[in-house]
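I opened a fresh page today for a structure that is new to me. These are my notes on what I looked up, in the order I got curious.

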Amino acid sequence: MKLELTQRFFFDAAHTLERAHDSAPSRRVHGHTYHAAVTVSAPAATDSGMVVDLALLRQGIAAVRERLDHHLLDEVPGLGRPTLENLCRFIFEGMASGLWVVERVDVERPASGDACRLSR
Ligand SMILES: Nc1nc2c(c(=O)[nH]1)N=C([C@H](O)[C@H](O)COP(=O)(O)OP(=O)(O)OP(=O)(O)O)CN2
Ligand SMILES: [Zn+2]
């Protein structure tokens, strides 16, 4: 058995996106509010009664979030093409060095109903 713990957060960011699909709005600089969630796990029987202290998890998230929030995503080192898929990977990799096992990362744009999940 294992326990999973999730912390949600959001960030606002701008980007452009060149696509095979002909979309002028995508090619212009535009912004989205992204809602994200990081889920970490631990064996169900922990001495601490915690997967990890949420304060530590939030610190890890804050460090990754700072690299995205109010940035032009096209210019974020290591992100690559600013898609939901690459945002999942970027956050997953950014959280991977903590005192936890990252199970999955979700990134959504609720306003347009787009969502992506990267699982371990
Ligand atoms: N697989 C993905 N496809 C697309 C992503 C993505 O992250 N992963 N992102 C986008 C763009 O960010 C875009 O802003 C959203 O585009 P879309 O919903 O298509 O809106 P448009 O204004 O471009 O309208 P169209 O009707 O598609 O012309 C796109 N794809
Ligand atoms: Zn977009």
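**Entry 1: a glycine to start with**

Leaving aside its neighbours within four places in sequence, which residues is G60 in contact with? I looked it up in this predicted model and found M95 and G98. G60 itself sits in helix α2. I then asked whether G60 is buried or exposed. I noted it as buried, because 21 other C-beta atoms lie within 10 Å of its own, and the cut-off for buried is 20 or more.

I also checked the distance to one of its partners. G60 and G98 are 38 residues apart along the chain, and their C-alpha atoms are separated by 7.2 Å.

A96 caught my eye next, in the loop between α3 and β3. Its C-alpha atom is 9.4 Å from that of G60, with the two positions 36 residues apart along the chain. A96 counts as exposed because it has 12 other C-beta atoms within 10 Å, and exposed means 12 or fewer.

**Entry 2: stepping back**

I wanted the overall plan before going on. I found three helices and four strands in the protein, and along the sequence they follow the pattern β-α-β-α-α-β-β. The C-alpha atoms fill a box of roughly 55 × 25 × 20 Å along the principal axes.

How many of the residues count as buried? My note says 22% of the 120 residues. I also looked at contacts with a separation of 6 or more: 63% of them are accounted for by residues 24 or more positions apart.

**Entry 3: helix α2**

Back to the helix that holds G60. α2 covers residues 54-66, which makes 13 residues. From first C-alpha to last it reaches 18 Å, close to the 18 Å expected at 1.5 Å a residue.

Which residues of α2 are buried? I listed L57, G60, I61 and V64. They are on the same side of α2, because they cover an arc of only 95° around the axis. On the face turned away from that buried side I found the exposed residues A55, Q59, A62, A63 and E66. The buried residues pack against β1 (2-15), β2 (30-43) and α3 (84-95).

**Entry 4: helix α3**

I gave α3 the same look. This helix has 12 residues and reaches 17 Å from its first C-alpha to its last, close to the 16 Å expected. Its buried residues are L87, C88, F90, I91, G94 and M95. They line one face of the helix, because seen down the axis of α3 they fall within an arc of 165°. Among the elements that cover them are β2, α2, β3 and β4 (114-119).

I91 was worth its own line. Beyond its neighbours within four places in sequence, I91 is in contact with A36, V38, V64, V105 and V107.

**Entry 5: the nonpolar core**

Which residues have the most contacts inside the largest nonpolar core? I wrote down V38, L87, C88, I91, V105 and V107, in a core of 19 residues. β2, α2, α3 and β3 (101-109) each supply at least two residues of this core. The largest share, five residues, comes from α3.

**Entry 6: a tyrosine in β2**

Y34 is in strand β2. I marked Y34 as buried because it has 23 C-beta neighbours inside 10 Å. Apart from neighbours within four places in sequence, its contacts are F10, F11, A13, L87, V107 and R109. I also looked at C116, 82 residues from Y34 along the chain: the two C-alpha atoms are separated by 11 Å.

**Entry 7: the ligand**

Which residues surround ligand 1? I found L17, S23, P25, S26, T83, L84, E85 and S112. By class, that shell has three nonpolar, four polar and one charged residues. α1 (24-27) and α3 each supply at least two of its residues.

**Entry 8: an unusual phi**

Most residues other than glycine have a negative phi. H70 is not a glycine, yet has a positive phi of about 60°. I located H70 in the loop between α2 and α3. H70 counts as exposed because 10 other C-beta atoms lie within 10 Å.

Definitions and conventions:
Residues are numbered from 1 along each chain as its sequence is written. Chains are lettered from A and ligands numbered from 1 in the order in which they are written. This is a predicted model: local features need pLDDT of at least 70, side-chain atom pairs count only at pLDDT 80 or more; totals for chains, interfaces and linings use all residues. Two residues are in contact if their C-beta atoms, placed from the backbone, lie within 7 Å. The expected span of a helix is 1.5 Å times one less than its number of residues. The arc is that of the directions from the helix axis to the C-beta atoms. A residue is near a molecule or strand if its C-beta atom, placed from the backbone, lies within 6 Å of it. Ala, Val, Leu, Ile, Met, Phe, Trp, Tyr, Cys and Pro count as nonpolar, Asp, Glu, Lys and Arg as charged, and the others, Gly among them, as polar. A nonpolar core is a set of buried Ala, Val, Leu, Ile, Met, Phe, Trp, Tyr and Cys residues joined through C-beta atoms within 7 Å.
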